[in-house]
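Subject: Structure handover

Hello,

The structure is placed just below, followed by notes on what was found in it. Please read the two side by side.

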Amino acid sequence: MKTLEKELAGEKTPTVAEERPRMAWNWVLLSGRIVSAVEKKTIKDQTLICFSLAFPSRRKTEKSGSHVGFISVELWGKTAELYFPLLEKGLAICITGELVHQRWISVDGKRMQKFLISAQTL
């Protein structure tokens with residue numbers, strides 16, 4: 001495996017300027033429709049609900065018609081317990097939350113990954 005030092009081959013490693021504070025934002029605001037069944041699970045005494053959300057895209061291509069994106073959404077804890085009876089397939093909602101990148105190795109040894117939104121509010 002190559003490291004940054006090997007790739008730079010003796011060059012000075014880049015540093016972040018000390019005088020500027022670094023800010024990172026990871027906040028998503030998205031509206032769309034629930035397009036899957038809402039699943040409820042319990043993991044380590046925490047309630048989890050998951051579903052897929054379809055949302056419109058402004059992306060333009062040569063093909064006509066609407067362009068739709070899909071993303072998985074998860075909601076944890078008391079908020080999940082509160083919203084579970086209210087959510088159903090086809091419902092239009094607006095969510096805010098954090099974008100999460102998950103990686104794992106499948107049972108057949110393939111590297112897998114997906115993005116999802118860990119919702120904070122609906």
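For the class counts that follow, Ala, Val, Leu, Ile, Met, Phe, Trp, Tyr, Cys and Pro are taken as nonpolar, Asp, Glu, Lys and Arg as charged, and the others, Gly among them, as polar. Please keep in mind that this is a predicted model.

Pocket

With that split, the lining of the largest pocket comes to 7 nonpolar, 4 polar and 4 charged residues. The lining has 15 residues, and those nearest the centre of the pocket are Cys50, Phe51, Ser72, Val73 and Lys114. Two or more lining residues come from each of strand E2 (39-43), strand E3 (46-56), strand E4 (68-76) and strand E6 (111-121). The space in this largest pocket is about 190 Å³.

Cysteines

Cys50, one of the residues nearest the pocket centre, has a relative accessibility of 18% and is therefore buried, the limit being under 20%. Cys94 has a relative accessible area of 41%, so this residue is partly exposed, a class that runs between the 20% and 50% limits. A disulfide is a covalent bond between the sulfur atoms of two cysteines. With a cut-off of 2.5 Å between cysteine sulfur atoms, the model has 0 disulfides.

Loop between E2 and E3

Most residues other than glycine have a negative phi. Lys44 is not a glycine, yet has a positive phi of about 50°. Asp45, also not a glycine, has a positive phi of about 65°. Lys44 lies in the loop between E2 and E3, and Asp45 is found in that loop too. How exposed are they? Lys44 has a relative accessible area of 78% and counts as exposed, because the class starts over 50%. For Asp45 the relative accessible area is 78%, so Asp45 is exposed by that cut-off as well.

Strand pairing

Strand E5 (residues 92-105) pairs with strand E1 (residues 28-34) in the antiparallel sense, over 6 bridges. Within this pairing, Leu29 stands opposite Thr96 in E5. E5 also runs antiparallel to E6, with 10 bridges joining the two. Trp104 has Met112 in E6 as its bridge partner. E5 and E6 form a hairpin with 5 residues between them. In the turn of that hairpin, Gly109 has a positive phi of about 90°. E6 is also one of the strands that give two or more residues to the pocket lining.

Regards

Terms used:
Residues are numbered from 1 along each chain as its sequence is written. This is a predicted model: local features need pLDDT of at least 70, side-chain atom pairs count only at pLDDT 80 or more; totals for chains, interfaces and linings use all residues. Side-chain values use heavy atoms; hydrogens and water are left out. On a 1 Å grid over the protein atoms alone, a cavity is a set of points where a 1.4 Å probe fits but cannot get out, and a pocket is an open set with protein on both sides within 12 Å along at least five of seven lines; lining residues have an atom within 4 Å of a point. Grid points are joined across faces, edges and corners, and a volume is the space filled by probe spheres set on the points. Helices (H or I, at least four residues) and strands (E, at least two) are DSSP runs, numbered from the N terminus. Buried means under 20% relative accessible area, exposed over 50%, partly exposed in between (1.4 Å probe, protein chains only). Two strands pair if DSSP finds at least two bridges between them.
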